[in-house]
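Take a look at the model below. The text after it works through the chains one at a time.

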Amino acid sequence: MANLLEINNLIKVYNKKIVLNNISFTVKDGEFLSILGPSGCGKTTLLKILIGIEKPTNGAIIKKGKNIVNLDVSKRGMGIVFQNYALFPNMTVLQNVAYALKIKLKNKNNAEKAALEMLKMVNMEEHLKKYPHELSGGQMQRVAIARTLALKPDIILFDEPMSALDADNRLVLRKELKKLQQKLHTTMIYITHDQEEAFSLSDRVMVMNDGNIEQIDIPNVIFNHPKNDYVRNFVTNHLIEKVSSIEKCTGIDL
Amino acid sequence: MKKSSTALKFLIFIFLMVSVGYPLFMMLSKIDWSNFGLLVASNTFKTSLINSLFITGISTALSVLIAYVIAYTVNRTNCKHHSFLKVLITLPMLIPSISIGLGLINLFGTNGIISCNLNFDIIGSIGIILGSILYSFPVAFLMLDDGFNYIDNNMYDNAKVLGLSKWQTFKKVTFVYLKKPIFSSIFAVFTMIFTDYGVPLAVGGKFITLPVFLYKEVIGLLDFSKGTMIGLFLLIPAIISFLFDTFTKDYASGEFEKKKYLDKKSTLKDIILKTIMYLVITFIFIILGSFVYYAFINNPVLDPSFSFKHLNYVVNNNIGKYIFNSLFIAISVSILGTCIAYLAAYITARVKGKAARIIHILTLISLAIPGIVLGLSYTISFNQTFIYNTFVILIMVNIVHFIASPYLLAYNALQKINPNYEVVAKTCKVSRFRILKDVIIPCSKQTIREMFAYFFVNAMITISAVTFLFNTRTMPLSLLINNYEGNLMLGEAAIISIIILIFNIVVKGTMYVLNKYEEKKRLNYETI
């Protein structure tokens, strides 16, 4: 896989406080990369800079060989899925997904056809005529994902998309998202503070702390060879604790 | 995309500079300070200042007290039909303040319905106090009623668990939450009464207040410099009130689970409170009823028989033209004002940036300028321009005079709408203005209607803002009341008051019905 995205020496300073401290990493084409860290580690700032709502103090974002750091949000070829869905409340499920397509394709029928296809993919074809306030959190997030996928961006950014969902829904949606990604091969960057989510979804995980990258690697390596105490505590120990609690309850030796 | 929002910012900024900044600057720069000492030392000034402070102080205290009692009654006793009562209580807000003075004359004037048989009248300070209370308490009521909505009622259970006494509960719970609305309403009412000249002009008689003094200097003697200096004194409480509102934090946030206040038993206290409320409402209706009586009676003292005399007179004296003028002004003000206020709020709430902060402050400054002072500044600034003596200046002065409240309505509503819509739109290559039209405006329809109604009603009833700016061709209805009342044509003045009231009820009612209809159809989308 070739590198789709190259982040070089990204620095962000807010009121003399360093939020991102010289961050560099790459994202391969078709990869699922999770950015994992506690709140305040700088992951949301990083996301805002990637999507283009905020400018970094210094550094470059190279996409397909071109520096896009000064490009407007609309010209970066990225989509975004927010934690709070940001569905248009005055439009039905179908209208929500078809809205931007209509403007892009300038053809209502084609737009609705494409939207319907996407909604089928996220298992929402039965709810086309419903308004967002009639849906559950998980359903709303499915629509939001379909809306983003429909425009076929090169990269989709996820800003803690499942934090507002309950545990059951989270598990189901997680599996569906993984399937979708394997089917469509869309590059996805997934921001989360949930270790399980990061490890179950990702090709690679990037652990962040205090504006720095602590480690970036495939889940297996991070789990078995944490680079330092921070990663060991934040990631490995957390997961081991979970496993041991399951062992304790079930009596099964995992 | 960037360019269009910058252009919008620029346009709104220019509008505010021309309509607020420039007139204020011109007015202040034209003052002849050498006469300042003379003015302050003059007896008329001293008397009117003392008079103003006296009646404003008493009226404010009583007005806010009555408003509190009624707001408490509506929210904390078992009385039903909350929203209908609200409509009745706020009826005085739909007629000019001068009409309220007129109603008092009808009832308690030298030849009033009630007073003529009892040989007394309330012309003078008592009349002004009564009129001022009547016309200002609904405003305080609305602010306090709103305040009651933001009290976390769980706190009352906590207070009970802690065993607090009733007085302690009031101090530690109710007052903490209502502090800001109470003080805001005191300031707002004080400013309203202090700067109003409709009521004192109607029932003041020889009792002169500061705004009446200003009015007479400018209208009678054309002394603009002196008028402006008096205007400066009128600005003081408005500025204090403005600073207070800007710099105090509100404890009530609404960030809690809404819970109904359940402790509503019918006790003796409740019965007394409800009686007071219904007495106030009855009094409002007696005032409005007096208009109808005066409108269709030959002469209340000499010949109290049914007559179309006044109606015929009004109809034969070009009433159509005045109605047209008023409606034309009010509708233009509503449409343009709502657009400007909404777009300004859109900039400050959703686009943000440095320019947005300046727009925010400029818009709110208009809140601090009394109508009579604003009108004066417009006369001074624009009397050499082509817009003088046209509808344009009347529409402009109305928009500026009333923009702050609808602006704040829109600002609060737009801030609550999901901040990510614009980002999503951008990633979908949909422009900011497309999303404004397709999503944000449909989501704030209810607010837009409220803004529209606010502009309309106030443009219909104002006299202070337009009193120096109209001419015979552009004169609106509200000023006709002034004329008729001045010529002791009380029946004719009553008819005009009724006409204004009817138009305002129609507009308010239409908005109310539309909102109810949408709520029923569940088209008022919760923003997600």
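Which domains does the domain assignment of chain B give? This is a predicted model, and the assignment splits chain B into domain 1 and domain 2. Domain 1 is written as 1–30 + 309–528. Domain 2 is written as 46–250 + 260–307. Each domain is therefore given as two segments, with bounds that come from an automatic or database assignment.

How far apart do the C-alpha centres of these two domains of chain B lie? The distance is 24 Å. The domains also touch. On the domain 1 side of chain B, 33 residues are in contact with 32 residues of domain 2 of chain B.

Several helices build the domain 1 side of that contact. In chain B, α14 (309–316), α16 (354–368) and α17 (371–382) each supply at least two residues. So much holds too for α22 (445–461), α23 (477–486) and α24 (490–520) of chain B. The largest share comes from α24(B), with 11 residues. What is the make-up by class of this side of domain 1 of chain B? It has 23 nonpolar, 7 polar and 3 charged residues.

Now step back to chain B as a whole. Its secondary structure comprises 24 helices and 2 strands. Why can chain B be called consistent with a compact globule? A compact globule with 528 residues would have a radius of gyration near 24 Å, and chain B has 24 Å, so the two agree. Along its principal axes, the C-alpha trace of chain B spans about 75 × 65 × 50 Å. Buried residues account for 47% of the 528 in chain B. Sequence separation adds another view. Take the contacts in chain B between residues at least 6 apart in sequence: 81% of them join residues at least 24 apart.

Chain A comes next. How many helices and strands does chain A have? The count is 8 helices and 10 strands. The radius of gyration of chain A is 19 Å, and the globule rule gives 18 Å for 254 residues. Those values are close, so chain A is as compact as a globular protein of that length. The C-alpha trace of chain A spans about 55 × 50 × 35 Å along its principal axes.

The same two summaries close the tour. Of the 254 residues in chain A, 42% are buried. Among chain A contacts between residues at least 6 apart in sequence, 64% join residues at least 24 apart.

Key:
Residues are numbered from 1 along each chain as its sequence is written. Chains are lettered from A and ligands numbered from 1 in the order in which they are written. This is a predicted model: local features need pLDDT of at least 70, side-chain atom pairs count only at pLDDT 80 or more; totals for chains, interfaces and linings use all residues. Two residues are in contact if their C-beta atoms, placed from the backbone, lie within 7 Å. Helices (H or I, at least four residues) and strands (E, at least two) are DSSP runs, numbered from the N terminus. Ala, Val, Leu, Ile, Met, Phe, Trp, Tyr, Cys and Pro count as nonpolar, Asp, Glu, Lys and Arg as charged, and the others, Gly among them, as polar. The radius of gyration is taken over C-alpha atoms; the globule rule is 2.2 Å times the number of residues to the power 0.38. A residue is buried if 20 or more other C-beta atoms lie within 10 Å of its own, exposed if 12 or fewer, and partly exposed in between; C-beta atoms are placed from the backbone.
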